[in-house]
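Take a first look at the fold shown here. This report walks through a few of its parts, one at a time.

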Amino acid sequence: MPQPWEIENLLEIQNNQLHIDGVAAVDLARAHGTPLFVFSERRIRHNIERLKRAETLIACPLKICYAAKAMSTMGILKAVKDAGSDIEVNSGGELWKALEIGFLGGQIIFNGTSKEIWELEKAIGAEIYAIQVDSTLELALIEDTAKRLNKRANVSLRLVPEIESNTHSGLQTALLTSKFGMMPGEALAAFREYKASPHLNLAGIHLHIGSQNPSAAGYAEALQILFHNLLQIFNETGVKLSHINIGGGFPVNYLRDDTLADAFPDEQREMFAADFDPADAIKNAWDVVTRSAESANASALLDNITLLLEPGRSIIADAGICLTSVRNIKQRPLKSTAVRGTAAVPAAVSPASGRQIDSAAGRSQDSQRDAGGTDTWVLTDAGFNILLSMVTYNWYYHLISAERSGDEHTYPYKLAGPLCDGGDVYFDIEGHGHLPEYRLLPPSVKLGEVLALLNCGAYSLAQASQYNARFLPPVVLIKQNGNAELIRRRDNFQDLVGSDIY
C-alpha cells in the first residue's frame, strides 16, 4: 500500500528506503553529504506540461514564464528552459542569470518594485518581452532610459486589482495594502500620456493575486478585471494590447500526507492542502472573459492576444526535497501545563507517557497532569538558513525518514535545526498553532539517520543565507535519463569570505 506522500515515478519506497526518480536518497546523502537538495528534471517537465495544457483549452496563445525567484540555481534554470518554459525575473542579477543560461530577450519578463537604472538599461538593451511597470514614476524612468539608449522598451503596467484570497498574509500581492503595482486609474492615465511615445511599446497589463491560492475562483475574478481594464484602455485611448498577464500563485499540496492535518487551524489547513489543476482554472477564467467580451461586443480585443503566466511554486516545489541528517538526540522534561496550547499529534503515542494524544482537543490528554514525562528532541543539520519560510511564514514541509520510509511514522519528536537561534525549530515557537508541535517518525531514530523534507524545492535555497557561517548546501539534479548530476557544489571556507576585504 503506497504512502500518501508517494508520487508515482517520483517519490517511491523501494527496499524500505526513499527513492527519487528511482535513485536511493540515502545513497545520494552518503555521496554528497547533508544537508542536500535533490531535484527531479522529470517532475519539472511534468509540471510545465501540466500548465501548458491550458493552451489547448483556451482560444489564445499561452506564454509560461517560470518565476526565477522560486529557485534560480543555473542547472535548474537550464532544466526549465530545456522544458520549453520562458522566464520571469525580479532583479538585474536574475536577468543576467537568465541571459547567461541561454534565454533570449523575447523569453524574459522583468518584475519588481524598485528597479535601478542599470537594471532597466540591461533589460531594454536585451529587448526583453516586457518590463512590468510598478508605478508611473518607473514608467517615466523607463522612457528616459530607452530614449538615452535610442531604444524602444516593451512594457506592461501592473495593476492593483484588490482581490483577497485565503493564503498567507505575506503572500497577498493584490491588495491596496500590498506594495505592488498601480491603481487602474493611474494606469489608464499613463496609457493616455505615453501612447504616442516613440520609446515605449505599451504592450500589456498585469496583475498577480498572490501565491498558494486555495481556490481557483480568484483567477476568474482576476482575468475579468484585466479584461475590463483592457476594454477601458482601448475605448479611452485607442491602444489595443498584445498581451495580458495573470501572474502565478498556483498551489502545491503540502498535505498529501494528512497525518498531521488536524494540527493546523482551518485556514492554514485549507491553504497547505490546496490542490486544483491550473489548466482547468485558466480555462474557466478564460470562458468567463470570452462571455464578457461577447456581451460588450468587444471580442476583437481578444483576437491574437497572448495570455502570460508566472508560475514558480507550482513548477519547482514538489520537484525538490531536502535531505538532512540527525546530528543530536536528547530528552527534555515536559512542562506541567499544555505545550503552548497548540495541536499535538493525531493518533500517536506520546513519548512522555505512552498515552494517545487527542488531536481533536489539540493537546495530550494528560498534558496538564505532571512534569514527569519527557520529550525526545531530534536536531538536524537543516535549519532556517536553508529553509527560511519555516520561520518567516511558519511554512510546513512534510518530514519522513529516508532510511525507513516504509516503517510506520507514529512516534512524535520535537524537531529543530543546528543554528544558534532559538527560533530554528520545525514548529511554531510563538505558539499560534500554525505548525504541528511534533513531527512523526519511526521509533528509535538514530544518530546519523537521513531524513527527508518533501515539497521544499521552492523558496528554500533561493532564500538561503550563510548565517552562522554555515556552508550553503549542494544540489543534485536527477536528469531525464536517470543520472544524478551535481549542479551546485557545497560551499567551502573561501566562499564564506569571498567578498570580504581583510
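## A hairpin to start with

In the hairpin of strand 21 and strand 22, which residue takes a positive phi? It is Gly-482, with a phi near 90°. The hairpin has 5 residues between the strands. Keep in mind that this is a predicted model.

Strand 21 covers residues 475-478, and strand 22 covers residues 484-488. The two pair in the antiparallel sense, over 4 bridges. Across this pairing, Leu-477 stands opposite Glu-485 of strand 22.

## Strand 21 and its other partner

Strand 21 also pairs with strand 4, residues 36-40. Here the sense is parallel, again with 4 bridges. Val-38 has Val-476 of strand 21 as its bridge partner.

In a regular strand, side chains alternate between the two faces of the sheet. Strand 21 shows two such directions: Val-475 and Leu-477 point one way, Val-476 and Ile-478 the other. All four are buried.

## The barrel

Elsewhere, 8 strands close into a barrel. Their order is 5-6-7-8-9-10-11-12, and the pairing is parallel. From one strand to the next, the twist averages 30°.

One pairing shows the detail. Strand 6 (residues 86-89) and strand 7 (residues 108-110) run parallel and are joined by 3 bridges. Val-89 has Phe-110 in strand 7 as its bridge partner. Helix 8 packs on the sheet and touches strand 10 (200-206), strand 11 and strand 12. The direction of helix 8 makes about 145° with that of strand 10.

## Helix 10

Helix 10 runs over residues 278-295, 18 residues in total. From first C-alpha to last, helix 10 reaches 26 Å, close to the 26 Å expected at 1.5 Å a residue. Its buried residues are Pro-278, Ala-279, Ala-281, Ile-282, Ala-285, Trp-286, Val-289, Ser-292 and Ala-293. Why do the buried residues line one face of the helix? Seen down the axis of helix 10, they fall within an arc of 155°, so they line one face.

What do these buried residues pack against? Their partners are helix 2 (41-52), helix 8 (217-237), strand 11 (243-245) and strand 12 (306-309). On the other side of helix 10, Glu-294 and Ser-295 are exposed.

Both ends of the helix offer a detail. At the start, a side-chain oxygen of Asp-277 comes to within 2.9 Å of the backbone nitrogen of Ala-279. Just after helix 10, Asn-297 takes a positive phi of about 55°.

Terms used: Residues are numbered from 1 along each chain as its sequence is written. This is a predicted model: local features need pLDDT of at least 70, side-chain atom pairs count only at pLDDT 80 or more; totals for chains, interfaces and linings use all residues. Side-chain values use heavy atoms; hydrogens and water are left out. The expected span of a helix is 1.5 Å times one less than its number of residues. Buried means under 20% relative accessible area, exposed over 50%, partly exposed in between (1.4 Å probe, protein chains only). The arc is that of the directions from the helix axis to the C-beta atoms. Contact means heavy atoms within 4.5 Å. A polar contact is a pair of N or O atoms within 3.5 Å; within protein, one must be able to donate a hydrogen and the other to accept it, and residues adjacent in sequence count only if both atoms are side-chain atoms. Two strands pair if DSSP finds at least two bridges between them. Axes are lines fitted to C-alpha atoms, for helices over the stretch in contact, and angles run from 0 to 180 degrees between N-to-C directions.
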